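Work through the exercises below with the sequence and the model side by side. Each task is followed by a solution in steps.

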Amino acid sequence: MEILKNLENDNFKVVAQYFEGLFKTRNLTAISALVEEGAVYSQAEGLPYGGTYTGFAEWTKMYTKAAEFFDLQIEKEPVYFSDATKNEVIIYFTIKCKAKKSGKTLSMPISEHFDLKNGKIRIKSDENFVEP
C-alpha cells in the first residue's frame, strides 16, 4: 500500500507541474520534460483546435492554436483524483475563457485525464463542460 501511495504522490507532482507550466508560468520547456516521447493528447472535438495530437511538438501546435482563440485564466484551482493502480490522475478545475474575436467570456469547467508511466505523461485527454 505504501508503494501505491508514493506512486500516487509522484503522479500528483507531475500533473501539478504540468498544470503550473501550462496555465500559470506558460513554460512549455518545463512541460516538455514531463511528457513521454510520442505521448497522445486528445483535445475536446467541439473546440476549434480539437483533435488528437501525438508527440510534444504537436501538443505545442495545439497550445498555439488555442492561444489564437482565447485568453485563459484559472477561475478555480484543480482538485486531484487518482487511481495509482492504473497510473492515472484526473483533475477538475474551471477556467475563464475570453474569446479574442468577440470579447465574450465564459466560465468552463474542465476534467483532464492523465495516464502516466515512469513519471511521465503518456496520454492526456480533456472534457470541457459548457452549457449553451
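**Exercise 1.** Determine whether Tyr 92 is buried, partly exposed or exposed, and place Tyr 92 in the secondary structure.

Step 1. Tyr 92 has a relative accessible area of 39%. Buried means under 20%, exposed over 50% and partly exposed in between, with a 1.4 Å probe and protein chains only, so Tyr 92 is partly exposed.

Step 2. Tyr 92 belongs to strand 4. Helices (H or I, at least four residues) and strands (E, at least two) are DSSP runs, numbered from the N terminus.

The model is predicted: local features need pLDDT of at least 70, side-chain atom pairs count only at pLDDT 80 or more, and totals for chains, interfaces and linings use all residues. Residues are numbered from 1 along each chain as its sequence is written, and side-chain values use heavy atoms, with hydrogens and water left out.

**Exercise 2.** Describe the aromatic pair of Phe 81 and Tyr 92.

Step 1. Rings of Phe, Tyr and Trp (its six-membered ring) pair if their centres lie within 6.5 Å; planes under 30 degrees apart count as stacked, over 60 as edge-to-face and the rest as tilted. The whole structure holds twelve aromatic pairs.

Step 2. For Phe 81 and Tyr 92 the centres are 5.3 Å apart and the planes make an angle of 75 degrees, an edge-to-face pair.

Step 3. Phe 81 sits in strand 3 (residues 70–83) and Tyr 92 in strand 4 (residues 88–99), so the pair links parts of the chain that are eleven residues apart.

Step 4. Phe 81 is also partly exposed, at 41% relative accessible area.

**Exercise 3.** Which residues of helix 3 are buried, and how are they arranged about the axis?

Step 1. Helix 3 (residues 56–69) has 14 residues and spans 20 Å from first C-alpha to last, close to the 20 Å expected at 1.5 Å a residue; the expected span is 1.5 Å times one less than the number of residues.

Step 2. Phe 56, Trp 59, Met 62, Tyr 63 and Ala 66 are the buried residues of helix 3.

Step 3. Down the axis, these buried residues fall within an arc of 105 degrees, so they line one face of helix 3. The arc is that of the directions from the helix axis to the C-beta atoms.

Step 4. The face turned away from the buried side carries the exposed residues Ala 57 and Glu 68.

Step 5. Ring pairs join Phe 56, Trp 59 and Tyr 63 with Tyr 41 in a cluster.
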